[in-house]
Amino acid sequence: MVYYAVIDTNVLVSALLSKKSDSATVQVMEAVFEGKLIPLYHRDIIAEYNEVLHRERFHFQEVTIKLFLDAMKQFGREVFPTPTGEILLDQDDLIFYEVAMESQQDSAYLVTGNMKHYPVRKFIVTPAQMMEILDGKPAE
C-alpha cells in the first residue's frame with residue numbers, strides 16, 4: 001500500500017541532524033526514498049525547506065540540501081490546496097495543513113514533531129506514529 005504525507009520541516013531537519021539511523025524521523029525520510037511514503041508538497045513548502053535547511057546554525061552542506069529538495073520533488077506530488085481559513089498557532093504552518101487537507105481523498109497524513117502547532121486531527125501524526133502506520137499497526 002502507498003501512503004501520502006506532508007512532511008513538516010522539523011521532521012526533515014531532525015532526520016538530517018539525527019545520529020541514530022533508527023530514529024523515527026530518519027525512518028520517515030528513508031520511507032520516502034524507498035517509495036513507501038509519497039511526500040506531498042507545494043512550492044511554499046519547498047521554499048520553507050530551502051530557507052530552513054540553509055540556516056547557518058545547522059551547517060548542512062549544499063549537496064545534502066539539494067539531495068533532499070530534489071528527492072521531495074522527484075518522489076513527491078505537488079498539491080495546490082484550497083484555502084481552509086484555519087487559524088493556526090503559527091500561520092507559517094498553514095500551507096502544510098492545507099496541503100494535507102486537500103489530499104484527504106488519498107488519506108494523506110501530516111507528519112510533524114510539533115503536534116501543538118496544529119488542530120487535533122486523526123491525519124496529523126508524529127514520525128513514530130507514521131512509522132507504525134507504514135508498518136501496518138493502527139495509529140492511536
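1. Let's start with a ring at the edge of things: Phe33 is partly exposed, with a relative accessible area of 34%. Here, buried means under 20% relative accessible area, exposed over 50%, and partly exposed in between (1.4 Å probe, protein chains only). Phe75 is partly exposed too, at 31%.

2. A word on the source: this is a predicted model, where local features need pLDDT of at least 70, side-chain atom pairs count only at pLDDT 80 or more, and totals for chains, interfaces and linings use all residues. Residues are numbered from 1 along each chain as its sequence is written, and side-chain values use heavy atoms, leaving out hydrogens and water.

3. Now the rings together. The structure holds five aromatic pairs (Phe, Tyr and Trp rings, the last by its six-membered ring, with centres within 6.5 Å; planes under 30 degrees apart are stacked, over 60 edge-to-face, the rest tilted). Phe33 and Phe75 are edge-to-face, at 6.0 Å centre to centre and 70° between the planes. Ring pairs also link Phe33, Phe68 and Phe75 into a cluster.

4. What about Tyr97 and Phe123? Their ring centres are 6.1 Å apart and their planes at 35°, so this pair is tilted. Both Tyr97 and Phe123 are buried.

5. Finally, the core. The largest nonpolar core has 49 residues (buried Ala, Val, Leu, Ile, Met, Phe, Trp, Tyr and Cys residues joined through side-chain atoms within 4.5 Å). Ile7, Leu37, Tyr49 and Met130 have the most contacts inside this core.
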